[in-house]
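Let's take a look inside this protein and see what surrounds its internal spaces. The structure comes up next, and the walk-through follows.

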Amino acid sequence: MLWIVMAVLSALLAGMTSILAKCGIKNTDSDIATALRTIVVLIFSWAMVLIVGSANTISNISLKSLIFLVLSGLATGASWICYFKALSLGDVNKVVSIDKSSVIISVLLAIIIFREYNHLAVKLFGTVLLAVGVFLMVEHKKNEEKNIKSTWMLYAIGSALFAALTSILAKIGISKVESNLGTAIRTVVVLIMAWVVVFMKGKQCQLRKIDRKELVFIILSGFATGGSWLCYYYAIQNGIVSVVVPIDKMSILISVGFAYFVFKETISKKALLGLVLMVCGTLVMAILG
């Protein structure tokens, strides 16, 4: 059951990613940060490909697998852009809770597309708990401006939708591809997409003004992301999607915990109840599903 261990490691590293990224985008543009950290992830992922010796299998990848890997890379890029924009505008615990709601869509799509009907009632019950938990977690501050409130939420929802597509497309794309190689190929797509966005918006001139301290946090978030990806897609390839995805989303505990201690983001009783329901829903699907 190594894939379960890898799914847990993926969650731990993903939780660290959110906090490190938030530290790196206090004054740095989110699109710039996304593009820079993708470079780190690219180096990390291709280094793993060389270590495991899967580079020589590139020629064996089918056209179908390559297409779905590219599509999953585009979905990931879109998810990242939305996610880090949302982080730059909103609180970590709120943004992360909406982003993690992608598990609901992923599980439902996995049931339909991959026919993962085992313990169907349990999985559906778990998704309901998650949905209610997300609703309770996303509460608004009284002094929060309406335009800011709606903006970060729209970006967070976009992040969740694209993240859900990523899981499904990646599952199809890496069905016959070594997981580290699949991750590396997807990262190339994300890198190209991220830098295209930077140049299209004319933000490349901001690269010279990046604070060195924030740059360190951006790089560290890239390493955390790279490690999380490698663990996650190994678990996706060798495990059950509707179980792996919920475990991975447990990273919300780490993100919320660090947000409380590092950024002093308080959490109300209502939001705490929502967090408990999200965790319960995740555990229900991971253990009983």
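## What counts as lining

A cavity here is a set of grid points where a 1.4 Å probe fits but cannot get out, and a residue lines it if it has an atom within 4 Å of a point. Keep in mind that this is a predicted model.

## The smaller space

Two cavities of 30 Å³ or more turn up in the structure. Start with the second largest, at about 40 Å³. Its walls are made by Lys-100, Val-103, Leu-130, Lys-249, Met-250, Ile-252, Met-278, Val-279 and Thr-282.

Sorted by type, that lining comes out as six nonpolar residues, one polar and two charged. Helix H12 (residues 269-288) is the top contributor, putting in three residues.

## The main cavity

The largest cavity has a volume of about 410 Å³. It takes 23 residues to line it, and Trp-80, Asp-99, Lys-100, Trp-229 and Lys-249 sit nearest its centre.

What kinds of residue make up this lining? There are eight nonpolar, 10 polar and five charged ones. Four helices each chip in at least two lining residues: H1 (2-24), H3 (63-89), H7 (146-173) and H9 (212-238).

## The nonpolar core

Now for the greasy part. The largest nonpolar core runs to 72 residues, with Leu-87 and Ile-236 making the most contacts inside it. Helix H8 (residues 179-200) gives this core the most, eight residues.

Which residues does Leu-87 touch, leaving aside neighbours within four places in sequence? They are Ser-18, Ala-21, Lys-22, Ile-25, Val-92 and Val-95.

Conventions
Residues numbered from 1 in each chain as written. Predicted model: local features only at pLDDT ≥ 70, side-chain atom pairs only at ≥ 80, totals over all residues. Heavy atoms only, no water. 1 Å grid on protein atoms, 1.4 Å probe; cavity = no way out; pocket = protein on both sides within 12 Å on 5 of 7 lines; lining within 4 Å. Points joined across faces, edges and corners; volume = space filled by probe spheres on them. Nonpolar A, V, L, I, M, F, W, Y, C, P; charged D, E, K, R; others polar. Core = buried A, V, L, I, M, F, W, Y, C linked by side-chain atoms within 4.5 Å. Buried < 20%, exposed > 50% of the residue type's maximum accessible area, 1.4 Å probe, protein only. Contact = heavy atoms within 4.5 Å.
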